[in-house]
Amino acid sequence: MKKITILQTSDIHGSVYPINYGNNEKANLGFGKLATKIKQERSLDDQLILIDNGDLIQGTPLTYYYVQFLKDKQNPMIQLLNHMSYDAAIIGNHEFNYGMDVLNHAVHESNFPWLSANIVNEDSNQPYFGRPYIIKEIDSVKIAILGVTTHYIPNWENEHNIAGLDFKDCLNETKKWVAYIKEQENPDVLIVSYHGGFERDLETGEPTENLTGENQGYAICQEVEGIDILLTGHQHRSLTGNINGVEIIQPSNNGQFLGKIVLTLNDQNEIINKTSELLEVDDVDADEEVLKMTSFYEIETQKWLDQPIGKIEGDMLIDDPLLVRTSDHPLIEFINKVQMDTAGVEISNTSLFNNSSPGFAPNVAMRDIISNYMFPNTLKVLRLSGQDIKDALEQNARYFVLDEEGKIQVNPTYILPKPQHYNYDMWEGIEYILDIRNPIGNRVTTLNYKGTPLNLDGEYDVVMNNYRAGGGGDYMMFKDKPVVKDITMDMTEILANYILERETIKATVNHNWKVIW
């Protein structure tokens, strides 16, 4: 009998220290805690395989500060993975957020290969990051590890961040490369590490989202012959299980869990058992060696976060996220006003990204901006028809449902399997009413521009973040629309500069929209 252990991290998003950067309170997450768990597992099996499944180098103030001010130094996340002797990492969609220079630098610094078979060079049609798969041999067991990445990235990412790359259909490329590996390598174990998630219910096979191709994990398990293990991520879900004989796992995000799969093989190297489990980090302290390695980056980041930016006159705090999303709020109006001022247009939309956004207290520091605007978005101005705007508002209105008593609630599809509050927008520069008592698709009951009905055949320039402009969140009415202006500065920087220049910001709310039920 032989045992093979595979450990997986995924969607760490730059989390190293076990803290919440919004308030510096302790949190059960971060690579420091993962490192403790990994070392414990290594003490039980020193030949285990360790893989990161993507979305590693972006996501916290620490990684943002590194890119803005310290990128001549070694990438702290790469430093940590090198230290922990990772066998491979997969390219995630957020790896591209800081541009190709930062990503190429990270790949170059890595002592391990980065895998993504379906991200190819436009010119050569060859995998851009080099090897699409690796072979490991443990106790005479031959193990192949193929890396693939959700091909939906061009729908979200700024074009200049992915110039020269072609994102091939992940399902098709997985079929192709699995067949190639089986024929050429004849491995005993075949692992696919996929930076993507599941598009269907794992038990029933019913779609759990629009089948855009963003997530294809279920189809990979059903349609690709010869896979033993599918490591997944991207959706930030906590999953273990088996689909069509393929053992699957997904270890949430920000270092909250370590994924562990154990294979048992007989003396003929045939798999006779598979188990998968998620190891919580709640019961361990962060590894002191890991924290010490990144302490310089952390200290500098904390100084930057505490820099005063300006003052707020009035109330921009958030008490009730649902109230913010059903009636105009000073914080949302402020962000939209900043976007319109920056872009030089009269219509804007933005989101309350998650339910932990605190709003702005009277004294604003950089920490407050990061706490409310946690994504590295840039801005685009799209030229839209009035009908596009109306369609987008109808898509917005799907966010709400009424319970049996007629009270308004968030549609469960925006909460499970993954919270997607960022896919509900609030607009400035138009006047509108959403009536949730009406059927989906007929909830926009008022839609005016400058006091008169919006011309559905007219053209309007609208500023929004780059994720939404690419159709992210099923806003397909925005996809492939003319881009009038591309503003490549990060929104956190835009917001900080706007407040710094004015010193004091007055909280205003013009009540240009509301939701009724």
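The following dialogue examines cysteines and a sheet in a predicted model.

Student: How many disulfides does a search of the whole structure find?

Tutor: The search finds 0 disulfides.

Student: How do you know that Cys-170 is in no disulfide?

Tutor: The nearest cysteine sulfur, that of Cys-221, is 12 Å away from that of Cys-170. A disulfide requires two cysteine sulfur atoms within 2.5 Å, so Cys-170 is in no disulfide. Cys-221 is likewise in none, its nearest cysteine sulfur being that of Cys-170.

Student: Why is Cys-170 called buried?

Tutor: Cys-170 has a relative accessible area of 0%. Buried means under 20%, and therefore the term applies to Cys-170.

Student: What makes Cys-221 buried or exposed?

Tutor: The relative accessible area of Cys-221 is 1%. Because this value falls under 20%, Cys-221 is buried.

Student: Which strands form the open sheet, and in what order?

Tutor: Its 5 strands follow the order E25-E19-E29-E22-E30, with mixed pairing.

Student: Why are E25 and E30 called edge strands?

Tutor: Strand E25 (425-428) and strand E30 (483-487) each pair on one side only. Two strands count as paired if at least two bridges are found between them.

Student: What makes E19 and E29 a pair?

Tutor: Strand E19 (residues 347-351) and strand E29 (residues 459-465) are joined by 2 bridges. Pairing needs at least two bridges, so these strands pair. They run parallel, and one bridge links Ile-347 to Val-462 in E29.

Student: Which helix lies across E22, E25 and E29?

Tutor: Helix H12 (residues 386-397) lies across these strands, running at about 110° to E22 (379-385).

Key:
Residues are numbered from 1 along each chain as its sequence is written. This is a predicted model: local features need pLDDT of at least 70, side-chain atom pairs count only at pLDDT 80 or more; totals for chains, interfaces and linings use all residues. Side-chain values use heavy atoms; hydrogens and water are left out. Buried means under 20% relative accessible area, exposed over 50%, partly exposed in between (1.4 Å probe, protein chains only). Helices (H or I, at least four residues) and strands (E, at least two) are DSSP runs, numbered from the N terminus. Contact means heavy atoms within 4.5 Å. Axes are lines fitted to C-alpha atoms, for helices over the stretch in contact, and angles run from 0 to 180 degrees between N-to-C directions.
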